[in-house]
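This report introduces a structure to a reader who has not met it before. Please look at the sequence and the model below before reading on.

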Amino acid sequence: MRKTLQWREIGAGVIVPVALIAVWQTACSMGWVNEHVLPSPWAVVTRWVAYLLPAKPFAETGGSWLAWAVSGELVVDATGSMYRVAVGFLVGAALALPLGLLMGASPRIYAWLNPLAQVLRPIPPIAYIPLAILWFGLGNPPAVFLISIGAFFPVLINTIAGVRQVDGIYLRAARNLGANQRTLFLRVILPASVPYILSGVRIGIGTAFIVVIVSEMIAVNNGLGFRILEAREYFWSDKIIAGMISIGMLGLAIDIGVNKLNNYLLRWHRGLEH
Amino acid sequence: MSASHISVDHVHKVFKSADREVVALQDIVLDIPQGQFVCLLGPSGCGKSTLLNAIAGFSLPSSGSITAGSTLVSGPGPDRGMVFQEYALFPWMTVEKNIAFGLEIKGMGAAQIHDTVTILLGKLGLSDFRTRYPKDLSGGMRQRVAIARILALDSPIMLMDEPFGALDALTRRNLQDELLRIWAELGKTVIFVTHSIEEAIYLADRIVVMTYRPGTVKRDMLVDLPRLRDPSSAPFNALKRELGQLVMEEQQRHHNAELTAAVD
């Protein structure tokens, strides 16, 4: 019973995309649109497969089979983009988390730093691009810099909010059980703020993923963002769309992964769907 | 003096806000011997929770002093375990971890903690819930965990702030009996805040009725009905009527004060 319902749900979700692709394919096959403006779905799929697969046959490379299998342009681009997201996010979050904990826990530090944070926060990470190139040149360093800024503020703001919303009753209960300041912080305030911190992490990773695409368009010579901009110069609209679909799938995969991690870390938390 | 003797000596507590002062406690003098089960009874606003928080060390008196055992109360501590109305279990810890937390703070070894927790889980009928999180537990079960958590500390004094106030009548009676059993077995000194007259008579050796602002002791009486008490018996109901009048006088003062405040 439940299984049929699931299939029915999947079926319902497939109808609209299939219809859209059918209309799109028809429009292209009938010659209603210029193929340079809008390539057919089939052309996009063909291009996507070519983008994914290694450029040379295995026999010519001489390396290991695994190295050959991941030598496709798409795999190299996706790996490069993911690497920048990971490093940039880790740098940003590693700075934001302790700072947010301090600012949340200490009204004095909050009073010192919050005005500055509020002024810097509305500056979109993309606005740092000129400065990033001026300071770090081209390649990974400016991209990582921009991504870390994109990840920094969501994690910071949510960590501060998380620490500040900790219910006083938990602090009283812990002090009653004999907890000192250190235990109070590590075993009560920190875990109690985790739901907020994780929602900051989720927003931060989302922002990092946006920023990586933009920064690759401007400062890096590989990666998914660079590739779709490069494709435009050659009027390869099929490759642009293939790249966009790859970006979308990667973003979805990241979000699902982060969500799974959230559900695991917050298995104690009420109000979560399981 | 024994470790669980409590002495409240001329305690005043004044809450100051920008435009006014509220005298929450005025000249409270109480001497609670070891092993006594005391109920603080009164309408909301009578300072009974303020007094309990002062004994717990969360909010110290403005003047006067409180001694627990032989030490002056200057802050919260595991010698005075507290059970809160809102349970206050740590939701990110399993039942087991909640009970073990105080023992870990004490620095007890893992094996000994495990054994202590196992005994307490059995004592409170929680053995099947060992690895569950508080969100999966009913209110009654949560309060059992909260009681186990302070029993783990083996504190000579148990402070209870309307612990069963949020429970349904049947669960409440169940936990009251459980608490009486534990109290009789372990000989703890219990200070139990409630606004339920029946609950106070059912549980207490001694009932302290408090007045609405300023909080003072209106009546301090011993309850010498035999245990387990029968709430439908004549002496129980006679006492209930007597206390009911005392408490309702204060409730009326509370009500009038609210009306006056609304007119202002």
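The text that follows describes the chains, the helix packing, a sheet and the contact between chains.

The model is predicted; local features need pLDDT of at least 70, side-chain atom pairs count only at pLDDT 80 or more, and totals for chains, interfaces and linings use all residues. Residues are numbered from 1 along each chain as its sequence is written, while chains are lettered from A and ligands numbered from 1 in the order in which they are written.

**The two chains**

Chain A contains twelve helices and zero strands. Helices (H or I, at least four residues) and strands (E, at least two) are DSSP runs, numbered from the N terminus. Chain B, by contrast, has seven helices and ten strands. The table lists the extent of each chain; the boxes hold the C-alpha atoms and are taken along the principal axes. The radius of gyration is taken over C-alpha atoms, and the globule rule is 2.2 Å times the number of residues to the power 0.38.

| Chain | Residues | Radius of gyration | Compact globule | Box |
|---|---|---|---|---|
| Chain A | 274 residues | 24 Å | near 19 Å | roughly 75 × 60 × 45 Å |
| Chain B | 264 residues | 19 Å | near 18 Å | roughly 60 × 45 × 40 Å |

The value for chain B agrees with that of a compact globule. For chain A, the radius of gyration is 24 Å, but a compact globule of 274 residues would have one near 19 Å.

**Helix packing in chain A**

Helices H10(A) and H12(A), the latter spanning residues 237-265, pack at an angle of about 170 degrees with their axes 11 Å apart. H10(A) is therefore roughly antiparallel to H12(A). Axes are lines fitted to C-alpha atoms, for helices over the stretch in contact, and angles run from 0 to 180 degrees between N-to-C directions. Angles under 35 degrees count as roughly parallel, over 145 as roughly antiparallel, 65 to 115 as roughly perpendicular and the rest as oblique. The residues of this contact comprise ten nonpolar, two polar and one charged. Among them are Val194(A) and Phe209(A) of H10(A), together with Ile247(A) and Gly251(A) of H12(A).

A second pair consists of H7(A), residues 129-136, and H8(A), residues 140-164, which pack at about 140 degrees with axes 9 Å apart. H7(A) is thus oblique to H8(A). H7(A) contributes Ile129(A), Ala132(A), Ile133(A) and Phe136(A), and H8(A) contributes Pro141(A), Pro142(A), Phe145(A) and Leu146(A). This contact holds eight nonpolar residues, no polar and no charged. Ala, Val, Leu, Ile, Met, Phe, Trp, Tyr, Cys and Pro count as nonpolar, Asp, Glu, Lys and Arg as charged, and the others, Gly among them, as polar.

**A sheet in chain B**

In chain B, four strands form an open sheet in the order E2-E1-E4-E5, with antiparallel pairing. E2(B), residues 21-32, and E5(B), residues 71-72, stand at the edges with a single partner strand each, so one side of each lacks a neighbour in the sheet. Two strands pair if DSSP finds at least two bridges between them. Eight bridges join E1(B), residues 6-16, to E2(B). Phe15(B) stands opposite Val22(B) in E2(B).

**Contact between the chains**

In total, 15 residues of chain A are in contact with 20 residues of chain B; contact requires C-beta atoms, placed from the backbone, to lie within 7 Å. On the side of chain A, H9(A) (168-176) and H10(A) (181-219) each supply at least two residues. H9(A) gives the most, with six residues. The residues on this side divide into eight nonpolar, four polar and three charged.

Note on methods
Contact = placed C-beta atoms within 7 Å.
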